[in-house]
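Here is a set of short exercises to work through at your own pace. Have the viewer open, try each task, and then compare your reasoning with the solution.

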Amino acid sequence: MGEGVTTRKAGDRVGVPWLQSTCGRCEWCQRGKLSFCPNQIATGITTAGSHSEYMVAYADATQLLPNGLTYEQAAPIFCAGYTVYSGLRFADPRPHERVAVVGIGALGYLEIQYSKAAGFETIAVTHSKDKEELAYKLGADSVVANGEGLLKEGQHDSLGGGSSSGADVILATSNSYKATADSIKGLRPDGRFVLMGVSTEPFTISPEILFKRARIIGSTQNDREHLYEALDYVAKGKVREMTEIFPLEEISMHMIK
Ligand SMILES: [Zn+2]
């Protein structure tokens, strides 16, 4: 424990997210939007740590782990879980809205569960037939292959006067921008499309976004409040992780491909 640290005590179980510290002097720090600080100190990038047995961290950067949550459960939440839960929160889904998750990988499998845990009807979008069963197991209400499928999905039009299909919120976790852009076909009017997957592919947006008055939102890790909630859902057993544990020496063999 460093001198002057008062908020943490020896023996605390903590995790450290990517953003550790900021300059405190720029416009974005003054606005309280720390993630936009151009002089930020980030774990594993501008300061040592992560993927190691010991590290030094800023006390304020650490997040206390909920009781009962193991380190192995907590670790993926500080990156993948924080990211996808933050995207869900930032999309601001409202009661009765329908959420779609594009891509069922290391991000998407958590996103489906967070969306369900938060109480939303959730549609998984994947063209991998072999992931269909997993999507249902994770709690998806339905699984579709693409934007066309999403557009047809969820028709509970009890009025008989027109379609109520598609998704109000699309959470794009895939690193295939082709599949991601295609899913926009299934976005409902006033829908929000949140992009979280990183790709080098160009991202092409169809003009239907105009007529639907839809919003495209980029999102990473937006607020520590989101990290708190993301951890809490796992601690309460409402979101379950799929993890494999490897020795540290093998880390470079198991990095995300
Ligand atoms: Zn700053």
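The exercises below go from the overall layout to single residues.

Before starting, note that this is a predicted model, in which local features need pLDDT of at least 70, side-chain atom pairs count only at pLDDT 80 or more, and totals for chains, interfaces and linings use all residues. Residues are numbered from 1 along each chain as its sequence is written, and side-chain values use heavy atoms, with hydrogens and water left out.

**Exercise 1. Layout**

Task: Find the domains and the separation of their centres.

Solution:
- Step one: the protein has domain 1 (1-64) and domain 2 (81-218), with bounds that come from an automatic or database domain assignment.
- Step two: taken over C-alpha atoms, the centres of domain 1 and domain 2 are 32 Å apart.

**Exercise 2. The zinc site**

Task: Name the protein donors of the zinc ion and work out their geometry.

Solution:
- Step one: look for donors, meaning N, O and S atoms within 2.8 Å of the metal (3.2 Å for Na, K and Ca); water is not among the atoms, so sites may look incomplete.
- Step two: the SG atoms of Cys23, Cys26, Cys29 and Cys37 lie 2.3 Å from the zinc ion, and along the chain these donors are spaced C-x2-C-x2-C-x7-C.
- Step three: four donors count as tetrahedral if all angles lie between 85 and 135 degrees. The angles here are 105 to 116°, so the arrangement around the zinc ion is tetrahedral.
- Step four: check accessibility, where buried means under 20% relative accessible area, exposed over 50%, and partly exposed in between (1.4 Å probe, protein chains only). Cys26 counts as buried because its relative accessibility is 14%, and Cys29 is buried at 10%. Cys23, at 30%, is partly exposed.

**Exercise 3. Counting disulfides**

Task: Work out how many disulfides there are, and why Cys79 has no bond to Cys37.

Solution:
- Step one: a disulfide is a pair of cysteine sulfur atoms within 2.5 Å.
- Step two: with that rule, the count is zero disulfides.
- Step three: the closest cysteine sulfur to that of Cys79 belongs to Cys37, and because it is 19 Å away, it is too far for a bond.

**Exercise 4. An enclosed helix**

Task: Explain why helix H3 is described as largely enclosed, and list what covers its buried residues.

Solution:
- Step one: locate H3 at residues 108-117. Helices (H or I, at least four residues) and strands (E, at least two) are DSSP runs, numbered from the N terminus.
- Step two: eight of the ten residues of H3 are buried, so the rest of the structure largely encloses this helix. Those buried residues are Gly108, Tyr109, Leu110, Glu111, Ile112, Gln113, Tyr114 and Ser115.
- Step three: use contact, which means heavy atoms within 4.5 Å. The cover includes helix H2 (71-91), strand S5 (98-102), strand S6 (121-125), helix H4 (132-137), strand S8 (167-172) and helix H8 (224-235).
- Step four: turn to Lys116, which also lies in H3 and is partly exposed because its relative accessible area is 31%. Leaving aside neighbours within four places in sequence, Lys116 contacts Thr122, Gly139 and Asp141.
- Step five: just after H3, Gly119 has a positive phi of about 100°.

**Exercise 5. Nonpolar cores**

Task: Which residues of the largest nonpolar core touch the most other members?

Solution:
- Step one: a nonpolar core is a set of buried Ala, Val, Leu, Ile, Met, Phe, Trp, Tyr and Cys residues joined through side-chain atoms within 4.5 Å.
- Step two: in the largest core, which has 36 residues, Ile77, Leu110, Ile112, Tyr114 and Leu171 touch the most other members. H2, S5, H3, S8 and H8 each supply at least two residues of this core, and H2 gives the most, with nine residues.
- Step three: a second, separate core has 16 residues, among them Leu150, Ile184, Phe193 and Ile209.

**Exercise 6. Two positive phi angles**

Task: Are His96 and Asp190 exposed or partly exposed?

Solution:
- Step one: His96, in the loop between H2 and S5, has a positive phi of about 80° although it is not a glycine. His96 is exposed because its relative accessible area is 83%.
- Step two: Asp190, in strand S9, is not a glycine either, yet has a positive phi of about 65°. At 34% relative accessibility, Asp190 is partly exposed.

Notes:
Four donors count as tetrahedral if all angles lie between 85 and 135 degrees; four count as square planar and six as octahedral if opposite donors are over 155 degrees apart and all others between 65 and 115; anything else is irregular.
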